[in-house]
Amino acid sequence: MTDAYVAIEGGHVLTGRARAPGTARGELVFTTAYTGYEESLTDPSYAEQVLTFSYPLIGNYGVRDERFESDQVQPTAVLARELTDDVAEWLGSEEIPAIDHLDTRDVVTDVREEGAMECGIAAGPDATPEDALAELDRCRGMSEHTDIGATVSVDEPARYEGDGAYDVALIDCGAKGSIRSSLMERGADVTVLPYDATPEDVSRTDPDLLFVSNGPGDPENFEAAQALVEEFAGDLPLAGICLGQQIVAAALGGTTEKMAFGHRGVNQPVRDLDSGRVVMTTQNHGYTVTEPGELDVTQINVNDDTPEGLASDALDVITRQYHPEANPGPHDSLDFFDDVLAMADAQRVAPTAD
Ligand SMILES: NC(=O)CC[C@H](N)C(=O)O
């Protein structure tokens, strides 16, 4: 049955089957991951994006909220070759339009050839191609969502007690839950602070480590988080993941830019420049650091040499462009969390002389 339409930048309209009704718009992105659909669908980094799964069958092991990375579905719409009833019902219950019976290989090839594109979606018994085109017309580029942080961040600080071994201030720019749990499993208490927290808000929690989370959109639109990094660099150890790496670099004299279509999937090879070791990593980003400013590039993407890890021994900073917390994806890089907490340990043992 054809009752769903995807209008892609340039005016091309794909047809498919509505699995959850509604209209939506967003940047057309993809993941090649073959598992982890619950984790990806609840990752706030996908806000204002339409997520295409290139793996042909999505939903074959059900939907369980213990695997969620946040408490709601985050992409504005979902495209697939075949969605199971479980996933379709979940998306329907969250009013997220979903379309399957699409040739998602074609969609992904288009995005890889043309670069990031906007799209409009219309699905359901009354949907028309014109509805999808009207959504496309209203779609804005990711960088134009200037206050996207407000849509994904906590409003108020929230404290999570681990074993009290460390106190981490986690700036929530759209944080995945498993960043917090990876820190707590290693003994940290975590205070999650809003994306626009002030230096006073951070100081009040008296942290051992300032951690800037992943999140959606353009790092240039996270000015408050950049100001925190500027304020605390050199005084507190700093860590960042994905958007967090971009924010930390931009705050410390670096630059970022939009990539052609980004790094997407759970098998992105990353080389550590010191050890020469290559790890497989989970990635879903459309921006990248171009100049690292005061930081050193410590890891690069094997496919395109872009910076995947940044650090400064002098300032106690370690960041990653990929997702060491996995969920979904390989667990090869979980030691990142040990490394950032070791910075907090080192600073407590040997406080810098004033
Ligand atoms: N996963 C993320 O944190 C994404 C970072 C940023 N929004 C980008 O697209 O580059």
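This is a short talk on the annotated active site and one barrel of this structure.

Okay, some housekeeping. We're looking at a predicted model, where local features need pLDDT of at least 70, side-chain atom pairs count only at pLDDT 80 or more, and totals for chains, interfaces and linings use all residues. Residues are numbered from 1 along each chain as its sequence is written, and side-chain values use heavy atoms, with hydrogens and water left out.

So, the active site. An unreviewed UniProt entry lists Cys 242, His 323 and Glu 325 under "active site"; UniProt positions are in the numbering used here, and such annotations may be inferred rather than shown by experiment. They're spread over 84 residues of sequence, yet they cluster in space, with a largest C-alpha distance of 11.1 Å.

Let's take Cys 242. You'll find Cys 242 in the loop between β14 (238–241) and α9 (243–251); helices here are DSSP runs of H or I with at least four residues, strands are runs of E with at least two, and both are numbered from the N terminus. Is Cys 242 buried or exposed? Cys 242 is buried, because its relative accessibility is 3%, and buried means under 20% relative accessible area with a 1.4 Å probe, protein chains only. Beyond neighbours within four places in sequence, Cys 242 has contacts (heavy atoms within 4.5 Å) that include Asn 214, His 285, Arg 320 and His 323.

Now His 323. That residue sits in the loop between β19 (317–320) and α10 (335–349). His 323 has 1% relative accessibility, so it counts as buried too. Leaving out neighbours within four places in sequence, His 323 touches Ser 45, Lys 176, Asn 214 and Cys 242, among others. And there's a polar contact of 2.7 Å between the side chains of His 323 and Glu 325; that term means a pair of N or O atoms within 3.5 Å, where within protein one must be able to donate a hydrogen and the other to accept it, and residues adjacent in sequence count only if both atoms are side-chain atoms.

On to the barrel. Seven strands close up in the order β1-β2-β8-β6-β4-β3-β9, with mixed pairing; two strands pair if DSSP finds at least two bridges between them. β4 (residues 49–53) and β6 (residues 77–79) run parallel, joined by three bridges. One bridge pairs Leu 51 with Val 78 in β6.

What packs on the sheet? Helix α2 (residues 85–93) does, touching β2 (12–20), β6 and β8 (98–100).

Technical notes:
Buried means under 20% relative accessible area, exposed over 50%, partly exposed in between (1.4 Å probe, protein chains only). Axes are lines fitted to C-alpha atoms, for helices over the stretch in contact, and angles run from 0 to 180 degrees between N-to-C directions.
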